[in-house]
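These are my notebook entries on one structure, written down in the order in which I looked things up. I kept each entry to one topic.

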Amino acid sequence: MRRHSRSRTGWAAGAIVALSLVTGCEGLDGDGTPSSGSGAEAPAPEASDREGRAVSPLDNPDGTEPGLAPLTGDTDEATARKLIDGLETKGRGPKTGYDRDEFGYAWMDTADGVPLARNGCDTRNDLLKRDGQELRFRSGSDCVVVAMTLADPYTGKSIEWRKQKASEVQIDHVVPLSYSWQMGSARWPESKREQLANDPLNLLPVQGRANSAKQDSGPASWLPPSKAIRCSYSVRFTQVALKYELPVTAPDKTIMLKQCGATLTGESAVP
């Protein structure tokens with residue numbers, strides 16, 4: 001089922017990887033399609049229409065719009081805190097039995113129940129097309145992105161990405177797959193784990209170094225280097241957790257509330 005509503009209240013309804021594969025986040029090299037040699041780069045037809053307009057997570061409940069814009073103003077922060085307040089908490093369980101393959105093969109286009117599935121383009125390239133600017137495709141393809149400019153939400157930097165240096169941009173699972181396993185997805189049917197792994201709501205192309213530093217951390221252990229985006233990141237983490245009925249740890253919930261303006265005593269914030 002696909003949803004494209006931009007309502008702030010409607011969101012809740014809703015292996016082939018090289019160079020880098022860290023728990024809960026994955027590198028970009030390898031696209032699951034046969035190589036056609038060097039291939040000429042073809043400009044994306046829609047490139048002139050994409051201006052890298054990052055969207056607030058409050059206005060992007062299904063994750064189909066690009067980027068992760070900062071939240072501004074007391075009203076948005078209050079809305080964010082209300083969302084985060086709705087999270088259940090529990091301790092992080094053991095990692096016993098976790099394997100990336102438990103979430104399906106990487107970047108499958110056949111995960112039912114999420115936007116962009118079964119469109120003939122794998123999840124990874126769908127995300128590059130969603131967030132990238134000045135896209136260039138492999139010759140003869142309107143799917144495989146070989147070059148782009150990315151406005152990285154985690155660092156605030158602009159990255160001129162080329163497939164030859166694939167690891168400079170990686171796809172982050174906002175709620176890492178290993179984290180989800182420890183918080184309950186170990187007991188899910190595989191089809192639901194495949195949804196989480198390929199849901200654009202849970203996926204962001206970001207700077208590779210930042211993604212590798214995150215690994216499978218929750219917000220209490222890692223936040224994006226750009227402080228301007230930390231409340232938005234907390235909202236997106238919350239949106240995913242609520243959609244999939246995942247609890248978070250109490251420290252993670254506390255830190256996310258702080259990023260969105262909550263005044264809490266007796267807790268230490270992430271620097």
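**Entry 1: two residues with positive phi**

I began with Glu-134, which lies in strand β4, and I bore in mind that the model is a predicted one. Its backbone caught my attention, since Glu-134 has a positive phi of about 50 degrees although it is not a glycine. Is Glu-134 buried or exposed? I looked up its relative accessibility, which is 55%, and because exposed means over 50%, Glu-134 counts as exposed.

I then turned to Glu-245, which has a positive phi of about 55 degrees and is not a glycine either. I found Glu-245 in the loop between α6 and α7, and I noted that it counts as exposed at 65% relative accessibility.

**Entry 2: an aromatic pair across the chain**

From Glu-245 I moved to aromatic rings, and the count comes to nine aromatic pairs. One of them is formed by Tyr-98 and Phe-103, a tilted pair with 6.0 Å from centre to centre and 55 degrees between the planes. I checked the burial of both partners and found Tyr-98 buried, and Phe-103 buried as well.

Another pair, Trp-188 with Tyr-244, is stacked, with 6.0 Å from centre to centre and 25 degrees between the planes. Which parts of the chain does this pair link? Trp-188 sits in the loop between α3 and α4, while Tyr-244 sits in the loop between α6 and α7, so that the pair links distant parts of the chain, 56 residues apart. I also looked up how covered the two rings' residues are: Trp-188 has a relative accessible area of 12% and Tyr-244 one of 3%, and because buried means under 20%, Trp-188 is buried and Tyr-244 is buried.

I noted, too, that ring pairs link Tyr-154, Tyr-179, Trp-222, Tyr-233 and Phe-237 into a cluster.

**Entry 3: the nonpolar cores**

Some names from that cluster came up again when I looked at the largest nonpolar core, which has 44 residues and in which Tyr-154, Tyr-233, Val-235 and Phe-237 have the most contacts. At least two residues of this core come from each of α1 (74–85), α3 (177–182), α4 (190–198), β8 (203–207), α6 (230–243) and α7 (250–259). Which element gives the largest share of this core? I found that α6 does, with six residues.

Apart from this core lies another core, of 15 residues, and I wrote down Leu-127, Leu-128, Val-145 and Ile-159 as being among them.

I followed up Tyr-154 by listing its contacts, leaving aside residues up to four places away in sequence; those it touches include Asp-172, Val-174, Leu-204, Val-206, Trp-222 and Tyr-233.

**Entry 4: helices α2 and α4**

Next I asked how many residues of α2 are buried. The helix is mostly covered, as nine of its nine residues are buried, and among them are the charged residues Arg-124, Asp-126, Lys-129, Arg-130 and Asp-131. The cover over the buried residues of α2 includes β4 (133–138), β5 (145–151), β6 (158–162), β7, α4 and β8.

In α4 I found Arg-193, Glu-194, Leu-196, Ala-197 and Asn-198 to be buried, and these buried residues pack against α2, β7, α3, β8 and α6.

**Entry 5: the largest cavity**

Since α2 had come up, I looked at the largest cavity, where α2 (residues 123–131) gives the most to the lining, with three residues. About 70 Å³ of space lies in this cavity. Its lining includes Met-108, Val-114, Leu-116, Thr-123, Asp-126, Leu-127 and Asn-198, and the lining residues divide into eight nonpolar, two polar and two charged.

**Entry 6: two distances along and across the chain**

I closed with two residues whose C-alpha distances I looked up. Ile-171 lies in strand β7 (residues 169–173), and at 0% relative accessibility it counts as buried. The C-alpha atoms of Ile-171 and Asn-202 are 9.8 Å apart, and the two residues are 31 residues apart along the chain.

Thr-254, in turn, lies in helix α7 and counts as buried at 15% relative accessibility. Between the C-alpha atoms of Thr-254 and Asp-85 there are 9.3 Å, although these residues are 169 residues apart along the chain.

How values were computed
Residues numbered from 1 in each chain as written. Predicted model: local features only at pLDDT ≥ 70, side-chain atom pairs only at ≥ 80, totals over all residues. Heavy atoms only, no water. 1 Å grid on protein atoms, 1.4 Å probe; cavity = no way out; pocket = protein on both sides within 12 Å on 5 of 7 lines; lining within 4 Å. Points joined across faces, edges and corners; volume = space filled by probe spheres on them. Helix = DSSP H or I, 4+ residues; strand = E, 2+ residues; numbered from the N terminus. Core = buried A, V, L, I, M, F, W, Y, C linked by side-chain atoms within 4.5 Å. Buried < 20%, exposed > 50% of the residue type's maximum accessible area, 1.4 Å probe, protein only. Contact = heavy atoms within 4.5 Å. Phe/Tyr/Trp six-rings, centres within 6.5 Å; stacked < 30°, edge-to-face > 60°.
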